[in-house]
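Trainee: I'd like a close look at a single part of this model. Could you pick one strand, walk me through it slowly, and then show me what lies around it?

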Amino acid sequence: QVLLAESGGGPVQAGGSLRLSCAASGNVFEIESIVIMAWYRQAPGKQREQVSTITSAGTTNYQDSVKGRFTISRDNDKNTMYLQMNSLKPEDSAVYYCASSSKLGTPWEYWGEGTQVTVSS
């Protein structure tokens, strides 16, 4: 069992920055087996969407709308993933979730409970 806990959300003005964290805890073997992690977000009335992913090899991927503004990273020593969000826009407002999996191309095995990001204009 792996527990994922997001933090770092909150209110911010447009143009500002936030850094989200996703800390993994629980079964050490399962944590060490994680090969890919992701950030998702869900705004009110909208479907959950993938924002960014990072593999254990460090390969990253971003949704077009956040490219150049968001940076995903991972500190394996701390079992923590980050999302640095710069130049925030009101449309970035959402609950942000992290997810992890020990296999590529399969449904996410674990999800966090989310952290709210609210960007005001």
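Mentor: Let's start with one strand and work outwards from there. Keep in mind that this is a predicted model.

The part to look at is strand E5, which covers residues 49-55. Is this strand enclosed or open? Five of its seven residues are buried, so E5 is largely enclosed by the rest of the structure.

Now find the strands beside it. On one side of the story is strand E4, residues 36-42, which pairs with E5 in the antiparallel sense over six bridges. To see one spot in that pairing, look for Ile36, which stands opposite Thr55 in E5. Together E4 and E5 make a hairpin, and six residues sit between the two strands. In that turn you'll meet Gly45, whose phi is positive, at about 75°.

Then there's E6. E5 and E6 also run antiparallel, with three bridges joining them. Here a handy spot to look at is Ile54, whose bridge partner in E6 is Thr60. These two strands form a hairpin as well, with four residues between them. The turn holds Gly58, and its phi is positive too, at about 95°.

Let's zoom in on one residue of the strand, Gln50, which lies in E5. Is Gln50 buried or partly exposed? It counts as partly exposed, because its relative accessibility is 32% and the buried class stops under 20%. Setting aside residues up to four places away in sequence, Gln50 touches Trp39, Tyr40, Asn61, Gln63 and Trp108. For a sense of distance, compare Gln50 with Val117: they are 67 residues apart in sequence, and their C-alpha atoms are 15 Å apart in space.

The start of E5 also leads us to the charged side chains. Glu49 belongs to a network with Arg41, Arg69 and Asp92, joined by salt bridges that share partners. Take one link of that network, the salt bridge between Asp92 and Arg69, with a distance of 2.7 Å from N to O. This pair links distant parts of the chain, 23 residues apart. Asp92 sits in the loop between strand E8 (80-85) and strand E9 (94-101), while Arg69 sits in the loop between strand E6 (60-62) and strand E7 (70-75). Are these two partners buried or exposed? Asp92 counts as buried, at 1% relative accessibility, and Arg69 counts as buried too, at 10%.

How many salt bridges are there in the whole structure? A search finds five. One of them brings together the side chains of Lys67 and Asp64, at 3.0 Å from N to O. Asp64 is exposed, with a relative accessible area of 62%. Another joins Lys103 to Glu109, where the closest N and O atoms are 3.5 Å apart. Both of those residues are partly exposed: Lys103 at 46% relative accessibility, and Glu109 at 34%.

Next, step over to the largest pocket, which has a volume of about 150 Å³. Among the residues lining it are Ile34, Met37, Ser56, Arg74 and Asn79. The elements that give two or more residues to this lining are helix H1 (28-32) and E7. By type, the lining residues divide into four nonpolar, four polar and three charged.

Asn79 deserves another glance. It lies in the loop between E7 and E8, and its phi is near 50°, a positive value in a residue other than glycine. Asn79 is partly exposed, with a relative accessible area of 32%. Ser87 has a positive phi of about 50° as well, although it is not a glycine. You'll find Ser87 in the loop between E8 and E9, where it counts as partly exposed at 41% relative accessibility.

One last stop is Gly8. It lies in the loop between strand E1 (2-7) and strand E2 (10-13), and at 34% relative accessibility it counts as partly exposed. Apart from its neighbours within four places in sequence, Gly8 is in contact with Leu18, Arg19, Leu20 and Thr115. Gly8 and Ser87 are 79 residues apart in sequence, and 16 Å separates their C-alpha atoms in space.

So, back to where we began: E5 pairs with E4 over six bridges, and three bridges join E5 to E6.

Technical notes. Residues are numbered from 1 along each chain as its sequence is written. This is a predicted model: local features need pLDDT of at least 70, side-chain atom pairs count only at pLDDT 80 or more; totals for chains, interfaces and linings use all residues. Side-chain values use heavy atoms; hydrogens and water are left out. A salt bridge is a side-chain nitrogen of Lys or Arg within 4 Å of a carboxyl oxygen of Asp or Glu. Buried means under 20% relative accessible area, exposed over 50%, partly exposed in between (1.4 Å probe, protein chains only). On a 1 Å grid over the protein atoms alone, a cavity is a set of points where a 1.4 Å probe fits but cannot get out, and a pocket is an open set with protein on both sides within 12 Å along at least five of seven lines; lining residues have an atom within 4 Å of a point. Grid points are joined across faces, edges and corners, and a volume is the space filled by probe spheres set on the points. Ala, Val, Leu, Ile, Met, Phe, Trp, Tyr, Cys and Pro count as nonpolar, Asp, Glu, Lys and Arg as charged, and the others, Gly among them, as polar. Two strands pair if DSSP finds at least two bridges between them. Contact means heavy atoms within 4.5 Å.
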